[in-house]
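Please load the model in your viewer and keep the selection tool at hand. The stops below proceed from the interior to the charged pairs.

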Amino acid sequence: MINANGYQQYRYNSIMSASPERLMIMLFEGAIKFVRLAKKAVDEKDIESANYNIARAEDIIAELEASLDMSYEVSQDLVKIYDFLYRQLIEANIKKDVNILDTVESMLTDLKDTWSEACIRLKKNA
């Protein structure tokens, strides 16, 4: 059985030793995980858990938006996407709407996959 403190230390070390590119992917993975947990909670009528998990996804989206370097043109587009996702999460939380969460999950997955592909291409060109 894995010690909870040992697991927390492993997670901490994984985050602290990750490249900036890997950290971005980890943020997307975390947001996707929280959206999936929120969908499950909504289905189970667990309002408290749904709210908690949607709020964690909102926190990650806010962090992604705050980390943008606005000197790059692509950041202008990303800020709009992150703002849309954030507003969708708020609406999903108010309405406890799984369909909205499905849309958010799909968009987050696309963003994560795009980021992963960009990282692969960067490594190939390096």
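**The nonpolar core**

In this predicted model, begin with the largest nonpolar core, which has 27 residues; Tyr82, Leu89, Leu101 and Leu108 have the most contacts inside it. Next, colour helix H2 (20-43), helix H3 (47-66), helix H4 (73-95) and H5, each of which supplies at least two residues of this core. H2 provides the largest share, 9 residues. In soluble globular proteins, nonpolar side chains tend to be buried together.

Select Leu108 and display its surroundings. Apart from neighbours within four places in sequence, Leu108 is in contact with Phe28, Ala31, Ile32, Val35, Ile61 and Leu85.

**A lysine in helix H5**

Move to Lys112, in helix H5 (residues 98-125). Is Lys112 buried or exposed? Its relative accessibility is 19%, so Lys112 counts as buried. Beyond neighbours within four places in sequence, Lys112 is in contact with Ile25, Phe28, Glu29 and Ile32.

**Salt bridges**

The whole structure contains 10 salt bridges. Select Lys39 and Glu105, whose closest N and O atoms are 2.5 Å apart in one such bridge. Because Lys39 lies in helix H2 and Glu105 in helix H5, this pair ties together parts that are 66 residues apart in sequence. Both Lys39 and Glu105 are buried. Extend the selection to Arg36 and Asp102: with Lys39 and Glu105, they are linked in a network of salt bridges.

Finally, select Lys95 and Glu91, which form a salt bridge with the closest N and O atoms 2.7 Å apart. Both lie in helix H4, 4 residues apart, about one turn of the helix. Lys95 counts as exposed at 52% relative accessibility, whereas Glu91, at 29%, counts as partly exposed.

Conventions: Residues are numbered from 1 along each chain as its sequence is written. This is a predicted model: local features need pLDDT of at least 70, side-chain atom pairs count only at pLDDT 80 or more; totals for chains, interfaces and linings use all residues. Side-chain values use heavy atoms; hydrogens and water are left out. Buried means under 20% relative accessible area, exposed over 50%, partly exposed in between (1.4 Å probe, protein chains only). Contact means heavy atoms within 4.5 Å. A nonpolar core is a set of buried Ala, Val, Leu, Ile, Met, Phe, Trp, Tyr and Cys residues joined through side-chain atoms within 4.5 Å. A salt bridge is a side-chain nitrogen of Lys or Arg within 4 Å of a carboxyl oxygen of Asp or Glu.
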